[in-house]
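Below are my comments on the model you sent, set out as numbered points. They start from one residue and work outwards to the fold.

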Amino acid sequence: MTKLFSLSVIALLTGLSNVASAASLDVHGEIKVNGKTVIDDKGNVIQDQSHLINIDDYTNAVPNRVVTLVAPAEDSNSVTPANSDTNRSYKIYYDDAGRSEQEEEFSNEKLVWSAKWEDRTTTPLAQKRTIFNHWGENPITTTYKDKFTTSSSYPLAQIGVSMTRADIYTSTVLATNNPEVEVGKVTNNSDYQKLTVIDKTSFNMGETVIEDCIIVTYNASWLNHEIKEYNKIKTLQLTDEFRTFCKDYGLVQFGKFKAQSVE
């Protein structure tokens with residue numbers, strides 16, 4: 001709504017009120033300025049949202065797409081076990097609705113970690129989640145039934161403004177080969193994800209240039225955080241990472257991983 005429109009309406013209403021205190025302006029239909037609706041036929045003010053970004057448009061992908069991300073070779077002398085492998089890759093599988101349904105991490109072509117989400121329902125809000133971990137000596141697979149009290153979404157984003165979404169849910173262990181985990185055990189969980197859109201950008205994936213992408217700073221409750229000490233006081237330091245999402249491709253860059261190919 002322009003200032004000219006606002007002042008014109010105020011002037012008109014003021015003029016009517018001077019004639020009769022009970023006067024009113026009754027408009028049947030939309031009110032437009034330069035051909036653009038500013039008040040619809042129900043009296044709702046229509047705000048310009050062309051500068052806002054729908055995060056789901058970027059975190060989701062084309063249905064049934066598979067994106068492979070690769071990290072550069074690590075130093076084999078690294079003292080950190082997770083980084084001591086030469087070749088690392090990450091695969092993200094998207095379902096019929098374009099949502100991430102499975103993620104896999106490979107080290108020297110060996111599957112070391114995966115997460116899979118199945119049987120998603122809205123009434124009640126629930127899912128089945130299977131986690132596989134083979135960073136240790138033996139592979140561990142655990143399947144959970146998650147039931148959500150709430151699972152919020154990101155609001156429409158504005159560049160430079162931080163946003164948070166969260167999940168509050170209970171998890172019941174359905175099956176596991178981990179001797180330290182009891183089948184049937186129920187835990188209460190609360191997770192959050194926070195991001196800030198830094199800028200719109202393009203992304204080079206080999207010879208393919210993806211034009212419609214966003215760069216964000218990202219943090220989540222399950223990411224690694226640093227413990228820092230100052231004057232003998234230890235504090236938890238939240239460490240954001242840069243991520244890139246592209247429309248129709250989903251996540252194409254995080255940490256050292258960058259998208260190399262799609263199927």
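**Notes on the predicted model**

1. Q102 counts as buried, because its relative accessibility is 17% and the cut-off for buried is under 20%. The model is a predicted one, and this value is computed from it like the others below. Q102 belongs to strand β5, which covers residues 100–107. Its side chain makes a polar contact of 2.9 Å with the side chain of E104.

2. Which residues does Q102 contact, once neighbours within four places in sequence are set aside? They are K91, I92, Y93, A115, K116 and W117. W117 comes up again in point 3.

3. Q127 is another buried glutamine, with a relative accessible area of 11%. Q127 sits in strand β7. Its C-alpha lies 6.7 Å from that of W117, and the two residues are 10 apart in sequence. Not counting residues up to four places away in sequence, Q127 touches W117, E118, D119 and R120, and also Y144, K145, D146 and F148. Several of these residues return in the points on salt bridges and strand pairing.

4. Salt bridges number 10 in the structure. As background, side chains of opposite charge can pair when their charged atoms come close. One of the bridges joins the side chains of D95 and R99, with an N to O distance of 3.2 Å. D95 is buried at a relative accessible area of 10%, whereas R99, at 37%, is partly exposed.

5. A second bridge is formed by the side chains of K128 and E118, at 3.9 Å from N to O. This pair links distant parts of the chain: K128 is in strand β7 (residues 125–133) and E118 is in strand β6 (residues 110–122), 10 residues apart. K128 is partly exposed, with a relative accessible area of 25%. E118 is also partly exposed, with a value of 28%.

6. Are R129 and D146, which meet in a salt bridge, buried or exposed? Both R129 and D146 are buried. The N to O distance between their side chains is 2.7 Å. R129 lies in strand β7 and D146 in strand β8 (residues 140–151), so the bridge ties together parts that are 17 residues apart in sequence. Elsewhere, salt bridges with shared partners join D95, R99 and R120 into one network.

7. Next, the strand pairing. Strand β8 runs antiparallel to strand β9 (residues 162–176), and 9 bridges join them. Here F148 stands opposite Y169 of β9. F148 is also among the residues that Q127 touches.

8. How many bridges pair β9 with strand β10? There are 11, again in the antiparallel sense, and β10 covers residues 186–205. Within this pairing, T172 has V186 of β10 as its bridge partner.

9. The wider arrangement is a closed barrel of 12 strands with antiparallel pairing, in the order β3-β4-β5-β6-β7-β8-β9-β10-β11-β14-β15-β16. From one strand to the next, the twist averages 30°. The strands of points 1 to 8 can be placed in this order: β5 holds Q102, β7 holds Q127, and the pairings of β8 with β9 and of β9 with β10 follow along the barrel.

10. Where do strands β3 and β16 meet, and over how many bridges? Strand β3 (residues 66–71) and strand β16 (residues 257–262) run antiparallel and are joined by 4 bridges. L69 has A259 in β16 as its bridge partner.

11. Some totals for the chain. The protein chain has 2 helices and 16 strands. Of its 263 residues, 31% are buried, and Q102, D95 and Q127 are among the buried ones. Of the contacts between residues at least 6 apart in sequence, 45% join residues at least 24 apart. The chain exposes about 16700 Å², of which carbon and sulfur atoms supply 50%.

Notes:
Residues are numbered from 1 along each chain as its sequence is written. This is a predicted model: local features need pLDDT of at least 70, side-chain atom pairs count only at pLDDT 80 or more; totals for chains, interfaces and linings use all residues. Side-chain values use heavy atoms; hydrogens and water are left out. Buried means under 20% relative accessible area, exposed over 50%, partly exposed in between (1.4 Å probe, protein chains only). A polar contact is a pair of N or O atoms within 3.5 Å; within protein, one must be able to donate a hydrogen and the other to accept it, and residues adjacent in sequence count only if both atoms are side-chain atoms. Contact means heavy atoms within 4.5 Å. A salt bridge is a side-chain nitrogen of Lys or Arg within 4 Å of a carboxyl oxygen of Asp or Glu. Two strands pair if DSSP finds at least two bridges between them. Axes are lines fitted to C-alpha atoms, for helices over the stretch in contact, and angles run from 0 to 180 degrees between N-to-C directions. Accessible areas come from the Shrake-Rupley method with a 1.4 Å probe; for residues, only the protein chains shown count as cover.
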